[in-house]
Amino acid sequence: MSLQGSSVTAEPPCTEAPEDHRSFRRDDYWRALPGYADVDAETFHSHTFQMRNSVTSVGKLMAVLGDRVSQHFLQDLADGLQHAPMSVRISPYLVSLIDWDQPDVDPIRRQFLPIGSSILPDHPELHLDSLHEQADAAVPGLTHRYADRALFLTLDTCPVYCRFCTRSYAVGLDTDEVEKVHLSVNRERWDQALQYIRVTPELEDIVISGGDTYNLRPEHVQYIGESLLKIDHVRRMRFASKGPAVMPQKILTDEAWREVLIGVVNRGREMGKEVVLHTHFNHPNEITGTSFDAMNLLHQRGVTVRNQAVLQRGVNDDSGIMKLLVKRLSYMNIQPYYVFFHDLVAGVEDLRTTLREGLDIEKCLRGVTAGYNTPTFVVDTLGGGGKRDGHSYEVYDEENGIAVFSSPSVRPGELFYYFDPIDTLSESAQARWADEGARREMMAEARGLAGG
Ligand SMILES: *Cc1c(COP(=O)(O)O)cnc(C)c1O
Ligand code: SF4
C-alpha cells in the first residue's frame, strides 16, 4: 500500500498543446455531413435551426450522417443507448464538430453518444445521487450544503444531454435504465425555494442551475434573476449553462434570452451585486469562431463568464489538450475556474480517470498561464463532503484506488471517499474489489490511516 508522501513521484510526463490556441475555425464544417450539405451559414448559425434539428435518436443521427459511418458503429451506438442512464440530445453544431472518420475516439462523440463496446461495469460504491444533492435539499430543487451558498435546480431539461451528467438522477427524460426525480419548470416550487433563500440570511451566493438555464424562457430568467436580486443578503449569483459550449448560436441570435440575461447582470451591477455566467467547455474542439463571437459579445456587454470542465478519460485526460483548452478559454475571456474529477455516475465508468492522472495534469498545467486562469482540480466527494482540492487528500491508496478526504468547514470530523476506476487497477486489486469482505477491509484501512 502506498501512503501519502511515502513514494517519490517523478515529474509527470507533460505534453504540449497540439494546436495554436488563437486559431478558431470558421469554415463550413457542417456541409461535410450529407444531412447538412445544403444548409447555408446563416441558417446553420441560428439558434432556431440548432434547437429544431437537435439529434435525439439513432434514426435522426443516421438521417444526418447518411453513409459517413459504418453499420457496425450504428449498431454499437444502439447498444450503448439501450444501457444509458441519459437520453440522447445533441446539437447539429456538435454533431458537425465530431470527426466521423474516427467516431470511436472522437472526444465530442465520447461525451454525448455512448457506444456499447466501451461500457464498463459501474463502480460497486456507486449510488445514484452520489453527491447527496437530494439528501441535502432544503426544499425540492434547492441544495444548501455550504453555509453561504446554495444550488438552485430550476428545471430538469438541457439543450443537450451529456453522458457524464452528475444529475442523471433528475435531468432528461426517463430511460430504459433510470426513472428520474422530476424538477420541472414550476413557479410554485421556485417560490418555495426563493422563500427559503429569503429567510436564510447566511445565503449570499446562489448557483442557478438545472438542467440548464439555456432552456429557461426569457421571462423565467428575468423572474428568477429579479427575485433573487431583491433579496438583500444575496450578493452573488451565477447562471449555469452548458449553452455557450454546445450552442453558442443562441447567444448571438436569441436576442430576447440574451438581453434578459444581460439585463439581470446590469441590474445586479447597479445594485452592487455580482451576476455571472458559468459554462462548461471540456475540449478545445468545442471552440469555434462562433464561440469566440458569442463570448466577445458577452464580454463587451459586461458579462463575466467562467468555465467548469469535467476531466474525462479519452476526452481531455492529457496535459497538452488541457493546456490548449485553458489557453483558448482564456483568449475568449472565459476564466477556467474548475476542472472536476469525474463523479461516480451510472453507466459512464469508461469516462473516469484516476485521481493520480488528474493531479499529474494539474501539475503540468500550473505555470502555463496566469494563476487566475488556471483551474483548480476538484473532487466532489461522495456522500456530501463537498468539493475538495484533489491535492488535499488525507490518504491516497493508489494500489487499491481509494482516496480519503476530510472537509472541516462543511462536515467537520467526517471523512469522505473518492475511488479510482476499477479497470485501471492491478489484477490483484481488482480481485479484492470483487470480494465484498476484502472491499470493506481496504476501505476501512484507508479510513483508519486518515484517522477515522
Ligand atoms: C458546487 C456547489 C456550489 C458552489 O460551490 P463553489 O465551490 O463556490 O463553486 C454550491 N452548492 C452546491 C451543492 C454545489 O455542489
Ligand atoms: S448540460 Fe449539464 S445538467 Fe444538462 S446533461 Fe449536461 S452536464 Fe447534465
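This passage describes the pocket, the ligand site, the cavities, the disulfide and several individual residues of a predicted model.

The description begins with the open spaces of the structure. The largest pocket has a volume of about 1,000 Å³. Its lining is made up of 42 residues, and those nearest the centre of the pocket are Leu 151, Arg 167, Ser 209, Gln 308 and Phe 340. When the lining of this pocket is sorted by class, 20 residues are nonpolar, 11 are polar and 11 are charged.

The largest pocket is also the place where ligand 2 sits. The residues around ligand 2 are Met 86, Cys 158, Val 160, Tyr 161, Cys 162, Cys 165, Val 171, Gly 211, Asp 212 and Lys 242. By class, this shell contains 7 nonpolar residues, 1 polar residue and 2 charged residues. Three cysteines, Cys 158, Cys 162 and Cys 165, are therefore named in the shell, as nonpolar residues under the classes used here. Two of these cysteines can be described further. Cys 162 has a relative accessible area of 9% and is buried, and Cys 165, with a relative accessible area of 17%, is buried as well. Both values fall under the 20% limit that defines a buried residue.

Another member of the shell around ligand 2 is Gly 211. Gly 211 belongs to the loop between strand β4 (205-209) and helix α8 (218-229). The peptide bond that joins Gly 210 to Gly 211 is cis, with an omega of about 15 degrees. A residue of the ligand shell thus takes part in a cis peptide bond.

Enclosed spaces were examined next. Over the whole structure, 3 cavities of 30 Å³ or more are found. The largest cavity has a volume of about 70 Å³. It is lined by 15 residues, of which Ala 84, Pro 85, Met 86, Pro 114 and Arg 163 are the closest to its centre. The lining of the largest cavity comprises 11 nonpolar, 3 polar and 1 charged residues. Met 86 is found both in this group close to the cavity centre and among the residues that surround ligand 2.

Ala 84, another of the residues closest to the centre of the largest cavity, also has a partner that is remote in sequence. The C-alpha atoms of Ala 84 and Gly 347 are separated by 6.0 Å, although the two residues are 263 residues apart along the chain. Gly 347 lies in the loop between β8 and α14. Its relative accessibility is 16%, so Gly 347 counts as buried.

A link of another kind is provided by a disulfide. The search of the whole structure finds 1 disulfide, and this bond joins Cys 14 to Cys 364 with an S to S distance of 2.1 Å. Distant parts of the chain are linked by this pair, as Cys 14 is in the segment before α1 (41-44), Cys 364 is in helix α14 (residues 355-365), and 350 residues separate the two. The torsion about the S-S bond of Cys 14 and Cys 364 is about -85 degrees, and the disulfide is therefore left-handed. The two partners are placed in unlike surroundings: Cys 14 is partly exposed, with a relative accessible area of 39%, whereas Cys 364 is buried, at 8% relative accessibility.

Some further residues were considered individually. Asn 333 is located in the loop between α13 (319-331) and β8 (334-340). The phi angle of Asn 333 is near 65 degrees, which is a positive value in a residue other than glycine. With 39% relative accessibility, Asn 333 is partly exposed.

Gly 314 is found in the loop between β7 (305-310) and α13. Gly 314 is partly exposed, at 34% relative accessibility. From C-alpha to C-alpha, Gly 314 and Thr 353 are 9.2 Å apart in space, while 39 residues apart in sequence.

Finally, Ala 138 is part of strand β1 (residues 137-139). This alanine is partly exposed, with a relative accessible area of 35%. Ala 138 and Ser 70 are 68 residues apart in sequence, and their C-alpha atoms are 49 Å apart in space.

Note on methods: Residues numbered from 1 in each chain as written. Chains lettered and ligands numbered in written order. Predicted model: local features only at pLDDT ≥ 70, side-chain atom pairs only at ≥ 80, totals over all residues. Heavy atoms only, no water. 1 Å grid on protein atoms, 1.4 Å probe; cavity = no way out; pocket = protein on both sides within 12 Å on 5 of 7 lines; lining within 4 Å. Points joined across faces, edges and corners; volume = space filled by probe spheres on them. Near = heavy atom within 4 Å. Sits in = over half its atoms within 2 Å of the grid points. Disulfide = S-S within 2.5 Å. Helix = DSSP H or I, 4+ residues; strand = E, 2+ residues; numbered from the N terminus. Buried < 20%, exposed > 50% of the residue type's maximum accessible area, 1.4 Å probe, protein only.
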